[in-house]
Amino acid sequence: MQTWDNTERYGTVSRVLHWGMGLVILWQLLTVLARVFFDDESALYGFFWGTHRETGLLIFLLVLLRGVWALANLSRRPPSVSLPAKLGHITLYLLMIVIPFLALLRQYGSGRAFEPFGIPLFPGFEGDSIDWMMAPATLFHSWAGYLLFSLIIGHAAMAIWRRRDPEKQDVLSRMW
Ligand code: HEM
Ligand code: HEM
């Protein structure tokens, strides 16, 4: 068991965060697919879409933790294989932070109460919603979400492609 990263391999904490968040984001994709493809009266729609906001909040909290851990390990983790790979990973981080943050801002600005996992996070308020808090997510949330899902598919495809090409350095072994 190796807690911290080293230049050869990501440590246990980084790997648990990477694959654990992978599962949570996969769940988030299922909630979106349920919203798009199922009738909004159906039980499956209610079951999956009913968890979208809570799952998004969980992603936000986990990515903050993961970001702090990544910064603490910056000087020792395996070096990026290329500049595009590095920029791609930074983009994934930015999207994982900005997407739920703007959605939470919109949630607050809507004036509607939000009680994730039964915890009263936003009590809600009377009167008009706050436009400047609602606007960014209304403009960006949905398409930025689809962009994140698409980049993740590209990211996984690159990792598998590198493993299959003997000319390329295998990176899957250092994250697995
Ligand atoms: C990384 C986290 C998140 C991702 C990837 C994500 C992704 C998405 C996507 C792709 C859609 C569009 C679905 C459609 O086409 O019908 C959507 C809609 C929505 N999301 Fe999220 N979401 C996240 C976090 C959150 C959070 C934290 C909240 C609220 C607290 C939230 C609230 C909503 C709402 C209310 C909608 C429907 C309105 C709209 O399309 O903007 N999401 N989300
Ligand atoms: C929700 C899905 C995923 C996200 C958001 C994600 C994000 C990231 C990020 C930000 C990194 C940089 C290291 C770090 O800070 O953790 C990384 C590394 C890596 N990811 Fe993912 N990843 C996801 C899924 C996958 C999948 C499905 C695969 C493979 C099939 C994969 C393979 C890898 C590999 C091999 C590395 C190490 C790359 C290197 O050492 O240069 N990831 N991932």
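Helices (H or I, at least four residues) and strands (E, at least two) are DSSP runs, numbered from the N terminus. Over residues 9-176 the chain is 71% helix and 0% strand by this definition, and the end C-alpha atoms are 9 Å apart. UniProt, in an unreviewed entry, places the feature "domain: Cytochrome b561 bacterial/Ni-hydrogenase" at these residues, 9-176. UniProt positions are given in the numbering used here, feature names are shortened, and annotations may be inferred rather than shown by experiment.

This is a predicted model, in which local features need pLDDT of at least 70 and side-chain atom pairs count only at pLDDT 80 or more, while totals for chains, interfaces and linings use all residues. Residues are numbered from 1 along each chain as its sequence is written, chains are lettered from A and ligands numbered from 1 in the order in which they are written, and side-chain values use heavy atoms, with hydrogens and water left out.

**Overall architecture**

The chain holds six helices and zero strands, in the pattern α-α-α-α-α-α along the sequence. Its C-alpha trace spans about 60 × 35 × 30 Å along the principal axes. Of the 176 residues, 35% count as buried (buried means under 20% relative accessible area, exposed over 50%, partly exposed in between, with a 1.4 Å probe and protein chains only).

The annotation "transmembrane region", from an unreviewed UniProt entry, covers residues 16-37, 57-75, 87-105 and 143-161. Residues 57-75 are 84% helix and 0% strand, with end C-alpha atoms 29 Å apart. Residues 143-161 are 100% helix and 0% strand, and their end C-alpha atoms lie 27 Å apart.

**Iron sites**

Donors are N, O and S atoms within 2.8 Å of the metal (3.2 Å for Na, K and Ca); water is not among the atoms, so sites may look incomplete. Six donors count as octahedral if opposite donors are over 155 degrees apart and all others between 65 and 115. The two iron atoms are set out below.

| Iron atom | Protein donors | Distance | Angles among six donor atoms | Site |
|---|---|---|---|---|
| Ligand 1 | His 52 (NE2), His 141 (NE2) | 2.0 Å | 85 to 179° | octahedral |
| Ligand 2 | His 18 (NE2), His 155 (NE2) | 2.0 Å | 88 to 180° | octahedral |

Ideal angles for six octahedral donors are 90 or 180 degrees.

At ligand 1, the pair links distant parts of the chain: His 52 belongs to helix H3 (residues 52-72) and His 141 to helix H5 (residues 131-164), 89 residues apart. Both His 52 and His 141 are buried.

At ligand 2, the pair again joins distant parts of the chain, with His 18 in helix H1 and His 155 in helix H5, 137 residues apart. His 18 is buried, with a relative accessible area of 16%, whereas His 155 is partly exposed at 31%.

**Surface and loop**

Trp 27, Leu 30, Leu 33, Val 36, Phe 37, Phe 38, Leu 44, Phe 47 and Tyr 146 make a nonpolar surface patch of about 870 Å². Patches are made of residues with over 30% relative accessible area and no salt bridge (a side-chain nitrogen of Lys or Arg within 4 Å of a carboxyl oxygen of Asp or Glu); like charges are joined within 9 Å, nonpolar side chains (Val, Leu, Ile, Met, Phe, Trp, Tyr) within 5 Å. Helices H1 (12-37) and H2 (43-49) are the elements that give two or more residues to the patch, and H1 has the largest share, five residues. Tyr 146 lies in helix H5 and is partly exposed, with a relative accessible area of 42%.

Phe 117 lies in the loop between helix H4 (83-109) and H5. Its phi is near 50°, a positive value in a residue other than glycine. Phe 117 counts as exposed, at 54% relative accessibility.

How values were computed:
Four donors count as tetrahedral if all angles lie between 85 and 135 degrees; four count as square planar and six as octahedral if opposite donors are over 155 degrees apart and all others between 65 and 115; anything else is irregular. Accessible areas come from the Shrake-Rupley method with a 1.4 Å probe; for residues, only the protein chains shown count as cover.
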